Amino acid sequence: MGSKAIFSLVLVLVISGKFVQSDLTFNFDNECSFSVWLSASPSVGDGDPERGPGTLEIFSMPDPWTGSLWLRTKCSYDASQVNFTCETGDCGSGSVDCQSPPPKPPETLLNFNINQNVVSYEVSLNHGFNVPVRIQPIGGTLVGGSEVCPVVDCIKDMGDVCPPSLVAINKNRAYLTGQACQPNDFSKRFKELCQLAHTYPGDNDPPIYKCSGASAYNVTFCPL
């Protein structure tokens, strides 16, 4: 086979998407008044997970990738400067790196399925709540239709409405725990506050959206 034929074959493979992998842009915007530490399961290769207040980071998410993102809060080293722990979202790694181990509830989960620039996305409170979040696709259309890809979020502070029997208390605020993940009076109240999030197992309103062709995804922490 001549060199021109080999080049043509490579070009066809590149155009068809079978030869190279392209990452997807995620814009992580921390509008919280405090630092957060981004965590992922499985790993997204984030070597510096701390996001200070008021920072915006453009991050290349792997494509394909299926998993969950969440935030850790109130993180610090102990007196020995060896063990790194967080008040919420801690994954038990004992280090700043928190790639892959599952977190200890409660935490707000952002679930994604990324495959060749087609992305399924949701905000899930099935394992509790710790930080308000929003996912906003930039451009793109819903798979199977012509509608624009919608925003999903939970921007209310659940600690202000959660009854005492359903919270875990830390020194600054209250966090929703797993008991509220049942379709009962409490979860109905949380659904009223976060209509675009899934608040208990089996909640499919709204459906898990599937977006094609978005140029990027804005993920905002504390979009209040």
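**Note on the predicted model: disulfides, sheet, salt bridges and core**

1. **Cys91 and Cys98.** A disulfide connects Cys91 with Cys98, at an S to S distance of 2.0 Å. The model is a predicted one. Both ends of this link are buried. Cys91 has a relative accessible area of 10%. For Cys98 the value is 1%.

2. **Disulfide count and pattern.** The chain has 5 disulfides in total. Number the bonded cysteines along the chain, and the pairing reads 1-10, 2-3, 4-5, 6-9, 7-8.

3. **Cys32 and Cys222.** The sulfur atoms of Cys32 and Cys222 are joined in a disulfide, S to S 2.0 Å. Cys32 sits in the loop between E1 and strand E2 (36-41), and Cys222 in the segment after strand E15 (216-221), so the link ties together parts 190 residues apart in sequence. The S-S torsion of this pair is about 85°, so the disulfide is right-handed. Cys32 and Cys222 are both buried.

4. **Cys149 and Cys211.** Another disulfide runs from Cys149 to Cys211, again with S to S 2.0 Å. This pair links distant parts of the chain: Cys149 is in the loop between strand E10 (141-142) and E11, Cys211 is in strand E14, and 62 residues separate them. The link is right-handed, with 90° about the S-S bond. Cys149 is buried, as is Cys211.

5. **The sheet.** Five strands make up an open sheet in the order E4-E1-E15-E9-E11, and the pairing is mixed. Which strands stand at the edges? They are E4 (55-61) and E11 (152-154); each has a single partner strand, so one side of each lacks a neighbour in the sheet. From one strand to the next, the twist averages 20°.

6. **The E1-E4 pairing.** Strands of a sheet pair through backbone hydrogen bonds, either parallel or antiparallel. Strand E1 (residues 24-30) and E4 run antiparallel, joined by 7 bridges. For a point of register, take Asn27: Ile58 in E4 stands opposite.

7. **Salt bridges, overall.** Side chains of opposite charge can pair when their charged atoms come close. How many salt bridges does the whole structure hold? The search finds 4.

8. **Arg51 and its partners.** Arg51 and Asp46 form a salt bridge, with 2.5 Å between the closest N and O atoms. Are these two residues buried or exposed? Arg51 has a relative accessible area of 1%, so the residue counts as buried. Asp46 comes out at 7%, so Asp46 is buried too. The cut-off for that label is under 20%. The pair is part of something wider: a network of salt bridges links Asp46, Arg51 and Glu57.

9. **Asp153 and Arg134.** These side chains meet in a salt bridge at 3.0 Å, N to O. Distant parts of the chain are linked here: Asp153 belongs to strand E11 and Arg134 to strand E9 (residues 133-138), 19 residues apart. The two ends differ in burial. Asp153 is buried, with a relative accessible area of 11%. Arg134 is partly exposed, at 23%.

10. **Asp203 and Lys191.** The closest N and O atoms in this salt bridge are 2.8 Å apart. Asp203 is in the loop between helix H2 (185-193) and strand E14 (209-212), while Lys191 is in helix H2, so the pair ties together parts 12 residues apart in sequence. Asp203 is buried, with a relative accessible area of 9%. Lys191 is buried as well, at 16%.

11. **The nonpolar core.** In soluble globular proteins, nonpolar side chains tend to be buried together. Here the largest nonpolar core contains 39 residues. Which of them have the most contacts inside the core? They are Phe26, Leu69, Phe112, Tyr121, Tyr217 and Phe221.

12. **Around Tyr121.** Set aside the neighbours within four places in sequence, and the contacts of Tyr121 include Phe112 and Tyr217, two more of the core residues with the most contacts. Tyr121 also touches Cys149 and Cys211, the two ends of one disulfide. Further contacts of Tyr121 are Asn111, Ile135, Pro137, Pro150, Val152, Ile208 and Tyr209.

Definitions and conventions. Residues are numbered from 1 along each chain as its sequence is written. This is a predicted model: local features need pLDDT of at least 70, side-chain atom pairs count only at pLDDT 80 or more; totals for chains, interfaces and linings use all residues. Side-chain values use heavy atoms; hydrogens and water are left out. Two strands pair if DSSP finds at least two bridges between them. Helices (H or I, at least four residues) and strands (E, at least two) are DSSP runs, numbered from the N terminus. Axes are lines fitted to C-alpha atoms, for helices over the stretch in contact, and angles run from 0 to 180 degrees between N-to-C directions. Buried means under 20% relative accessible area, exposed over 50%, partly exposed in between (1.4 Å probe, protein chains only). A nonpolar core is a set of buried Ala, Val, Leu, Ile, Met, Phe, Trp, Tyr and Cys residues joined through side-chain atoms within 4.5 Å. Contact means heavy atoms within 4.5 Å. A disulfide is a pair of cysteine sulfur atoms within 2.5 Å.
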